[in-house]
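Here are some short exercises on how two parts of one chain meet. Have the structure open and try each task before you read its solution.

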Amino acid sequence: MLKITPYLGILVLIVSIGGLWYPALGYFMLLIFAAIFLSSPFRGRWFCGNLCPRGSLVDFGVSKISKKRKIPDAFRSLWVRLPIFFLMMGFMGYRVASTIVGLNTFEKIGMIFVMMCLVTTSIAVLLGTFLSPRAWCSFCPMGTAQRLIGGNKYQLKLEKDKCVNCKKCEKVCPMQLKICQTGANPDCIKCGRCVSICPRDALHF
Ligand code: SF4
Ligand code: SF4
């Protein structure tokens, strides 16, 4: 992860709460979308583990009060994730399109983004508290998009001859991935925690 990663969570709070009074803050979401679609063709879900403000909030804030339970396998299934992706994107597109005609368009569209941010962040915080910090990230529509665009890019590599199966890597993985079994995983968010903790230097990108 980057040095600034732990401090980015404040941004999602500023947009979600401050945006209720200053809807223009919602346009920050466009910057997020742009960063995602620029980085994912080369680095898959790297954005999630390094630059996502919501990811930072759950990793470095919510994790302190999280029950840290197992993330349900269903959350990772594309049968669940794709309908969520199309529903949320379709709903947002519909709301923006139906707002374009009328008065105060700039503020109204900004408020749509603010509400999307507020609702999804609230779900992420609830799931992060009662399940696991990154439970939301298992089916987040933006994470699903990055997986579809670049899931096979910049993958984690496991040198099996060095691995002693201590599973330290899996204990620190915020996405609860089966690192020792599968090595590369399209839902790896490239946070680097497993690489840092491996006592055998068996993992690298
Ligand atoms: S931490 Fe390293 S040695 Fe231990 S299981 Fe993971 S890859 Fe293998
Ligand atoms: S596999 Fe390693 S780099 Fe990927 S999410 Fe898990 S801990 Fe982070």
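**Exercise 1.** Find the residue with which D187 forms a salt bridge.

*Solution.* Start from the rule: a salt bridge is a side-chain nitrogen of Lys or Arg within 4 Å of a carboxyl oxygen of Asp or Glu. The partner of D187 is R147, with the closest N and O atoms 2.7 Å apart. Next, place the pair: the chain is divided into domain 1 (5-150) and domain 2 (157-204), with bounds from an automatic or database domain assignment. Between these domains the count is 4 salt bridges.

This is a predicted model, in which local features need pLDDT of at least 70 and side-chain atom pairs count only at pLDDT 80 or more, while totals for chains, interfaces and linings use all residues. Residues are numbered from 1 along each chain as its sequence is written, and side-chain values use heavy atoms, leaving out hydrogens and water.

**Exercise 2.** Work out how much area domain 1 and domain 2 bury between them, and which three residues of domain 1 supply the most.

*Solution.* Buried area is the accessible area (1.4 Å probe) that two parts lose on being put together, summed over both. Here the domains bury about 1,100 Å², 46% of it on carbon and sulfur atoms. On the domain 1 side, R45, R76 and R147 supply 41% of the area buried against domain 2, more than any other three residues.

**Exercise 3.** Count the residues in contact on each side.

*Solution.* Taking contact as heavy atoms within 4.5 Å, 18 residues of domain 1 meet 11 residues of domain 2.

Terms used. Chains lettered and ligands numbered in written order.
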